[in-house]
Amino acid sequence: MQGKFITIEGTEGVGKTTNIAFIQNWLSEKGVEFSSTREPGGTPLAEEIRSLLLTPRAETVCDTTELLLMFAGRAQHLNKVVVPALTMGKWIVCDRFTDATYAYQGFGRGMDQKLIAHLEQLVQKELRPDLTLILDIPVEIGLQRASQRSTPDRFEQEKVSFFHRVREGYLCRAAENSDRYVVIDASKALQDVQTAIRNALEDFYLKSQRKFN
Ligand code: Z5A
């Protein structure tokens, strides 16, 4: 039996961390066996790569280096965590995945989408998320929310225009592949955001049950 692969995406400060806790509760109530994980990261080695990627440094990180590090961590994470869990029938809830690469490295940094697609195919083969929730928020509101936290990492030091391009990237992908994506207005009050997330999950769960039966 194959598990389901759910990813949560969005720009800075959209509330992924807050709402992943909500999704975990929902899955527990349904009696679904699941694991939560994140990218970049998710294994000890991939977490080291995460640290390389997020730590601000004097040396400029080349766009190609950043892209390859994202996929290097992903290869490790998929092989060690995601694929084994899905094969055992577990669901996976992942905080960011390859849509983030298209949005941040593709739209944000301007890297070639075809190159990203090529690396995606190399690393993931046919594996794609079953459901992607994009928490969408005007960039300025997200940055305002995020500013109340700790010192900014390397990405958080980017200009506002970078995050505008990233947001556009997410919305373009959702518009092009409406089947797998649900865009949620994350600027609303938390209770409203979570009602929308619950509706999306219930819908997805019902569909996956129907397919199974
Ligand atoms: N990255 C990449 O470039 N390419 C890739 O392929 C991948 C990633 C996979 C690390 O990601 C960086 O990696 C990321 C993209 C890059 N960089 N950026 N930017 P991350 O996911 O670890 O980092 P993050 O985007 O900074 O996420 P975060 O720190 O976990 O933020 P969040 O989870 O979205 O937000 P939050 O902590 O849940 O909420 C922020 C605040 O808002 C908090 O005080 C909440 O209480 C509050 N909040 C949440 N919801 C609401 C509502 N509805 N109303 C009011 N206040 C709210």
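Buried means under 20% relative accessible area, and exposed means over 50%. The model used here is predicted.

**Exercise 1.** Which residues of helix 2 (residues 44–54) are buried, and which are exposed on the other side? Explain why the buried residues share a side.

*Solution.*
1. Apply the cut-off of under 20%. Ala46, Ile49, Arg50, Leu53 and Leu54 are the buried residues of helix 2.
2. These residues cover an arc of only 125° around the axis, so they sit on the same side of helix 2.
3. Turn to the other side of helix 2. Pro44 and Glu48 are exposed there.
4. Find the packing partners. The buried residues of helix 2 pack against strand 2 (34–38) and helix 3 (63–87).

**Exercise 2.** Decide why helix 4 (residues 98–108) is described as largely enclosed.

*Solution.*
1. Ten of the eleven residues of helix 4 are buried, so the rest of the structure largely encloses this helix.
2. The buried set includes Thr101, Tyr102, Tyr104 and Gln105.
3. Their surroundings combine strands and helices. The buried residues of helix 4 pack against strand 1 (5–10), helix 3, helix 5 (113–124), strand 4 (131–136), helix 7 (160–176) and strand 5 (181–185).
4. Check the chain just after helix 4. Glycine 110 takes a positive phi of about 85° there.

**Exercise 3.** Which residues are closest to the ligand, and what percentage of its accessible area does the protein cover?

*Solution.*
1. Of the 30 residues surrounding the ligand, the closest are Glu12, Thr17, Thr18, Arg50 and Arg96.
2. A ligand oxygen lies 2.6 Å from a side-chain N or O atom of threonine 18.
3. A ligand nitrogen lies 2.8 Å from a side-chain N or O atom of glutamine 105.
4. The protein covers 83% of the 1100 Å² of accessible area that the ligand has on its own.

Note on methods: Residues are numbered from 1 along each chain as its sequence is written. This is a predicted model: local features need pLDDT of at least 70, side-chain atom pairs count only at pLDDT 80 or more; totals for chains, interfaces and linings use all residues. Side-chain values use heavy atoms; hydrogens and water are left out. Buried means under 20% relative accessible area, exposed over 50%, partly exposed in between (1.4 Å probe, protein chains only). Helices (H or I, at least four residues) and strands (E, at least two) are DSSP runs, numbered from the N terminus. The arc is that of the directions from the helix axis to the C-beta atoms. Contact means heavy atoms within 4.5 Å. A residue is near a molecule or strand if one of its heavy atoms lies within 4 Å of it. A polar contact is a pair of N or O atoms within 3.5 Å; within protein, one must be able to donate a hydrogen and the other to accept it, and residues adjacent in sequence count only if both atoms are side-chain atoms. Accessible areas come from the Shrake-Rupley method with a 1.4 Å probe; for residues, only the protein chains shown count as cover.
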